[in-house]
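I opened my notebook for a friendly look through this model. My plan was to go from helix packing to sheets and then to the cores.

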Amino acid sequence: MHDVAAAAGVSVKTVSNVVNDYPHIRPATREKVQRAIDELGYRMNLSARNLRQGRTGIIGLALPELSLPYFAELADSVIRAAEDRGLVVLIEQTSADRQHELDVLTSERRQLTDGLIFSPLELGPDDADALKVPYPIVVLGERIFGGDWDHVTMNNVDGARAATQHLIDRGRRRIAVIGAHAGEAMGSAALRVLGYQTALAANGIPFDPDLVIEGGLWHRATGADCVERMIAGGVEFDAIFGLNDALALGAMHTLHAHRIDVPGSVAVVGFDDIEDAAYASPTLTSISPGREQIAATAIDVLMARIAGGTDPFRRVIADFSLKERESTAS
């Protein structure tokens, strides 16, 4: 920095103000300093700056399972949003294990990060005290509502209602929903089933519990198995709402294997709008939950907390949209 200051004929403080993008610097001075920076190949010592500020420039991202396309694509969105803001992301996988989720919150790795974006699947309201951590945290998903932390989530109920309404508008009345979790009071499965039921009720379609098919982890194999069980059990259906895209893609695999036409005999909708949805055969209609908005908002909210923000804790619900494709074509 001293070399840059000497080459530009300015003070070291002026160079510091330029590289830190401070306002109120004359354009001619900024241009002169920038020219010296470019000629000398100067790069800011980020480690020294972060040490001086008491920060590492690294944030944590804890997700359940990176083999699930939605979480892999969410991680990509978070990384790109963080890079745009000069941050590095340390990713940890909790494997949808309750103890692992608790361990992430108290791990020594938290000393390496300035804050944490955390998406739990197994923690619930009884674990709320575990989220009272001494560092900035943003919670994703629906597992824990309320509390003294920022929360960014998707509109599960309305998104599922829109997916179901889309099938109803296509003339479908025997709509199966696959991937339900028995006894779940909160979480994506419960909220999306609620949206499904809301759409049925709004259209005067009786709710049939035989059309709610339980499944474990939301993988393609689970979706395929759900449809196999419906066919084997003689359940009549003319549409399927997969609670995520992986379930819907697995469902279409089984339908193809049984030579059941999609969408002629059975229309299929998913949720998450993962990249594979646009390349399936047929392409999959899906709810896009606002993944980019979720990632960018989580980063911005976390950065505000890292910077010492004391605003009231926020709960942000991302916008969603329905991406209509071949699997529900008229």
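Are H2 and H3 roughly parallel or roughly perpendicular to each other? I kept in mind that this is a predicted model, and then looked up the pair. Helix H2 (residues 12-19) packs against helix H3 (residues 27-40) at about 90°, and their axes are 10 Å apart. Angles of 65 to 115 degrees count as roughly perpendicular, so H2 and H3 are roughly perpendicular to each other.

Next I listed who makes that contact. H2 contributes Thr14, Val15, Val18 and Val19, while H3 contributes Thr29, Arg30, Val33 and Ile37. By type, I noted 5 nonpolar, 2 polar and 1 charged in the contact of H2 with H3.

**First sheet entry.** I traced an open sheet of 6 strands with parallel pairing, in the order S2-S1-S3-S4-S5-S11. Strand S2 (88-93) and strand S11 (315-317) each have a single partner strand, so each has one side without a neighbour in the sheet. From one strand to the next, the twist averages 20°. Inside this sheet I checked strand S4 (residues 137-140) with strand S5 (residues 150-153): they pair in the parallel sense over 3 bridges. There, Val139 has His151 of S5 as its bridge partner. Helix H6 (residues 98-106) packs on the sheet and touches strand S1 (58-63), S2, strand S3 (116-118) and S4. I noted about 165° between the directions of H6 and S3.

**Second sheet entry.** I found an open sheet of 6 strands with mixed pairing, ordered S7-S6-S8-S9-S10-S12. Its edge strands are S7 (212-214) and S12 (321-323), each pairing on one side only. Strand S6 (residues 175-180) pairs with strand S8 (residues 239-242) in the parallel sense over 4 bridges. I picked out Ile178, whose bridge partner in S8 is Gly242. Helix H8 (residues 188-202) packs on this sheet, touching S6, S7, S8 and strand S9 (267-271), with its direction at about 170° to that of S6. I also looked up helix H10 (residues 245-257), which lies across S6, S8, S9 and strand S10 (285-288) and runs at about 155° to S9.

**Core entry.** Which residues of the largest nonpolar core touch the most other members? I got Ile117, Phe237, Ile240, Phe241 and Val268, out of 71 residues. I followed Ile240 further: leaving out residues up to four places away in sequence, its contacts include Ala176, Ile178, Ala251, Leu255 and Val268. Apart from the largest core lies another, of 13 residues, among them Phe118, Leu123, Leu131 and Val133.

Conventions
Residues are numbered from 1 along each chain as its sequence is written. This is a predicted model: local features need pLDDT of at least 70, side-chain atom pairs count only at pLDDT 80 or more; totals for chains, interfaces and linings use all residues. Side-chain values use heavy atoms; hydrogens and water are left out. Two strands pair if DSSP finds at least two bridges between them. Helices (H or I, at least four residues) and strands (E, at least two) are DSSP runs, numbered from the N terminus. Contact means heavy atoms within 4.5 Å. Axes are lines fitted to C-alpha atoms, for helices over the stretch in contact, and angles run from 0 to 180 degrees between N-to-C directions. Angles under 35 degrees count as roughly parallel, over 145 as roughly antiparallel, 65 to 115 as roughly perpendicular and the rest as oblique. Ala, Val, Leu, Ile, Met, Phe, Trp, Tyr, Cys and Pro count as nonpolar, Asp, Glu, Lys and Arg as charged, and the others, Gly among them, as polar. A nonpolar core is a set of buried Ala, Val, Leu, Ile, Met, Phe, Trp, Tyr and Cys residues joined through side-chain atoms within 4.5 Å. Buried means under 20% relative accessible area, exposed over 50%, partly exposed in between (1.4 Å probe, protein chains only).
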